[in-house]
Amino acid sequence: MIKVSDHAKKKVIELMTDDGYNPSTDYVRVGVKSGGCSGLSYDLKFDKTQAEDDKVFEDNDIKIIVDKKSFLYLIGTTLEYSGGLNGTGFVFNNPNANRTCGCGESFSL
């Protein structure tokens, strides 16, 4: 399961609406891909459709889909949004990550 903080929920709804997506019916697709300075990086985008092998979650009224391969890396992760002085953007609090890079966009297990 992936959790969504209240602050991240507000930003997701705002961005989905701005991009022409419907937050009540469309999805946030969260994935993991090779790359980044720590070996793996997060991939976050909006999607209108669900693939057959996707895992589907809903937390804090946000529908999330994760492909089967990425799911193993993301179990227990919380999606946060940071708007502070150190940068603005989505942050993944992943309990499975042994090491993260300084920018928080990549990790290793």
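**Entry 1. Terms and model**

I count two rings of Phe, Tyr or Trp as an aromatic pair if their centres lie within 6.5 Å. I note at the outset that this is a predicted model.

With that cut-off I searched the whole structure and found 4 aromatic pairs. In one of them, the ring centres of Tyr-21 and Phe-46 are 5.5 Å apart and the planes stand at 55°, so I entered the pair as tilted. Tyr-21 belongs to the loop between helix 1 and strand 2, and Phe-46 to strand 3, so this pair ties together parts that are 25 residues apart in sequence. I then looked up the exposure of both residues. Tyr-21 is partly exposed, at a relative accessible area of 24%, whereas Phe-46 is buried, at 18%.

Tyr-81 and Phe-90 also form a pair: their ring centres are 5.0 Å apart and their planes are at 70°, so I recorded this pair as edge-to-face. Here Tyr-81 is buried, with a relative accessible area of 16%, and Phe-90 counts as partly exposed at 23%.

**Entry 2. The chain as a whole**

I listed the elements next. The chain has 2 helices and 9 strands. Read from the N terminus, the order is β-α-β-β-β-β-α-β-β-β-β.

Of the 109 residues in the chain, 39% are buried. I obtained an accessible surface of about 6300 Å² for the chain, and carbon and sulfur atoms account for 48% of that surface. I also examined contacts between residues at least 6 apart in sequence, and 53% of them join residues at least 24 apart.

**Entry 3. Helix 1**

I checked the length of helix 1, which covers residues 6–18. At 1.5 Å a residue, its 13 residues should span 18 Å, and the end C-alpha atoms are 19 Å apart, which agrees.

Which residues of helix 1 are buried? I found Ala-8, Lys-9, Lys-11, Val-12 and Met-16. After helix 1 comes Gly-20, and its phi is positive, near 85°.

**Entry 4. The nonpolar core**

I turned to the largest nonpolar core, which has 20 residues. Val-12, Val-28, Val-30, Ile-64, Val-66 and Leu-74 have the most contacts inside it. Two or more residues come from each of helix 1, strand 2 (27–34), strand 3, strand 5, helix 2 and strand 6. As background I noted that in soluble globular proteins nonpolar side chains tend to be buried together.

I followed Leu-74 further. Leaving out residues up to four places away in sequence, Leu-74 touches Met-1, Ile-2, Val-30, Gly-31, Val-32, Tyr-42, Val-66, Asn-94 and Asn-96.

**Entry 5. Thr-77**

I located Thr-77 in the loop between helix 2 (68–74) and strand 6 (78–84). Is Thr-77 buried or exposed? It is buried, with a relative accessible area of 1%, and the cut-off for buried is under 20%.

The side chains of Thr-77 and Asn-94 are joined by a polar contact of 3.4 Å. With neighbours within four places in sequence set aside, the contacts of Thr-77 are Met-1, Ile-2, Lys-3, Phe-92, Asn-93, Asn-94 and Pro-95.

**Entry 6. Leu-40 and Lys-55**

Leu-40 is in strand 3, which covers residues 40–47. I recorded Leu-40 as buried, at a relative accessible area of 16%. I also compared its positions in sequence and in space relative to Ala-97: the two are 57 residues apart in sequence, and their C-alpha atoms are 9.8 Å apart.

Lys-55 lies in strand 4. Its relative accessible area is 36%, and Lys-55 is therefore partly exposed. Apart from residues up to four places away in sequence, Lys-55 touches Ile-64, Ile-65, Val-66 and Phe-71. I noted that Lys-55 and Lys-69 are 14 residues apart in sequence and 9.9 Å apart from C-alpha to C-alpha.

**Entry 7. The loop between strand 4 and strand 5**

I closed with backbone angles. Asn-60 is in the loop between strand 4 (55–59) and strand 5 (62–66). Its phi is positive, near 55°, in a residue other than glycine. Asn-60 is partly exposed, with a relative accessible area of 23%.

Asp-61 is placed in the loop between strand 4 and strand 5 as well. What is the phi of Asp-61? I read a positive value of about 65°, although Asp-61 is not a glycine.

Conventions. Residues numbered from 1 in each chain as written. Predicted model: local features only at pLDDT ≥ 70, side-chain atom pairs only at ≥ 80, totals over all residues. Heavy atoms only, no water. Helix = DSSP H or I, 4+ residues; strand = E, 2+ residues; numbered from the N terminus. Expected span 1.5 Å × (residues − 1). Buried < 20%, exposed > 50% of the residue type's maximum accessible area, 1.4 Å probe, protein only. Contact = heavy atoms within 4.5 Å. Areas by Shrake-Rupley, 256 points an atom, 1.4 Å probe, with all protein chains shown as cover. Polar contact = N/O pair within 3.5 Å; in protein donor to acceptor, adjacent residues only side chain to side chain. Core = buried A, V, L, I, M, F, W, Y, C linked by side-chain atoms within 4.5 Å. Phe/Tyr/Trp six-rings, centres within 6.5 Å; stacked < 30°, edge-to-face > 60°.
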